[in-house]
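Reader: I am new to this structure. Please take me through one part of it closely.

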Amino acid sequence: MLIGITGSTGFIGSHLTKYLLSEGHRVRAFSRSSFELDCSYDPLLETSVVDYNCLSNLSLNFQGLDVLVHLCGLAHKFTGLDSSLIADYYNSNVFVTRQVV
């Protein structure tokens, strides 16, 4: 089974990636920028840099997946109503999820 994970460099995504690899699953790990996971030596792991704003890029990267686990997004707390932070949160958590779906 080939399992794709968005947000694979985050806390939950990195732990899920390691777990799935330890169970013998093939994993395609996605990130917004170039990255290396602790388990990047594993032959069952594929890594892919994706532009979540580009549907054609997503379609290409998601081809062949049996399952996709969507974990990417912003999760940091912020105070106040700074419009740029709200826009970043919307883009990372709402818009990207719509693109993935």
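Is F30 buried or exposed, and what is its relative accessible area? Please start there and work outwards through strand 2.

Author: A word on the source first: this is a predicted model. F30 is buried, with a relative accessible area of 0%. That value falls under the 20% that marks a residue as buried.

F30 belongs to an aromatic pair. The structure holds 1 such pair. The partners are F30 and F62, whose ring centres are 5.2 Å apart. Their planes meet at 70°. An angle over 60 degrees counts as edge-to-face, so this pair is edge-to-face. In general, two numbers describe such a pair: the distance of the centres and the angle of the planes.

The two rings come from distant parts of the chain. F30 sits in strand 2, while F62 sits in helix 2, which covers residues 55–62. Along the sequence they are 32 residues apart. F62 is buried as well, with a relative accessible area of 17%.

Now step to either side of F30. A29 is found in strand 2. A29 counts as buried, because its relative accessibility is 0%. Its contacts, leaving aside neighbours within four places in sequence, are I5, S8, F35, L37, L45, E46, T47 and S48. Look at I5 in that list. A29 and I5 are 24 residues apart along the chain, yet their C-alpha atoms are separated by 5.1 Å.

S31 also lies in strand 2. Its relative accessibility is 9%, so S31 counts as buried. Not counting residues up to four places away in sequence, S31 touches T9, S48, V49, V50 and Y52. S48 appears here, and S48 is also in contact with A29.

Go back along the chain to the loop between helix 1 and strand 2. G24 has its place there. G24 counts as partly exposed, because its relative accessibility is 48%. The C-alpha atoms of G24 and D42 are separated by 10 Å, with their positions 18 residues apart along the chain.

Strand 2 has another role in the picture: the lining of the largest pocket. Strand 2 (26–31) and helix 1 (11–22) each supply at least two residues of that lining. Helix 1 gives the most, with 3 residues. In total, 16 residues line the pocket. G7, G10, L71, C72 and G73 lie nearest its centre. By type, the lining divides into 8 nonpolar, 7 polar and 1 charged. The pocket has a volume of about 270 Å³.

Last, set strand 2 in the whole chain. The secondary structure comes to 3 helices and 4 strands. Read along the sequence, they follow the pattern β-α-β-β-α-β-α. The radius of gyration is 14 Å, close to the 13 Å that the globule rule gives for 101 residues, so the chain is as compact as a globular protein of that length. Its C-alpha atoms fill a box of roughly 45 × 25 × 20 Å along the principal axes.

Burial can be put in context too. Of the 101 residues, 35% count as buried. F30 is one of the buried residues. Contacts between distant positions also appear across the chain. Among contacts between residues at least 6 apart in sequence, 49% join residues at least 24 apart.

Methods. Residues numbered from 1 in each chain as written. Predicted model: local features only at pLDDT ≥ 70, side-chain atom pairs only at ≥ 80, totals over all residues. Heavy atoms only, no water. 1 Å grid on protein atoms, 1.4 Å probe; cavity = no way out; pocket = protein on both sides within 12 Å on 5 of 7 lines; lining within 4 Å. Points joined across faces, edges and corners; volume = space filled by probe spheres on them. Nonpolar A, V, L, I, M, F, W, Y, C, P; charged D, E, K, R; others polar. Phe/Tyr/Trp six-rings, centres within 6.5 Å; stacked < 30°, edge-to-face > 60°. Buried < 20%, exposed > 50% of the residue type's maximum accessible area, 1.4 Å probe, protein only. Rg over C-alpha atoms; globule rule 2.2 N^0.38 Å. Contact = heavy atoms within 4.5 Å.
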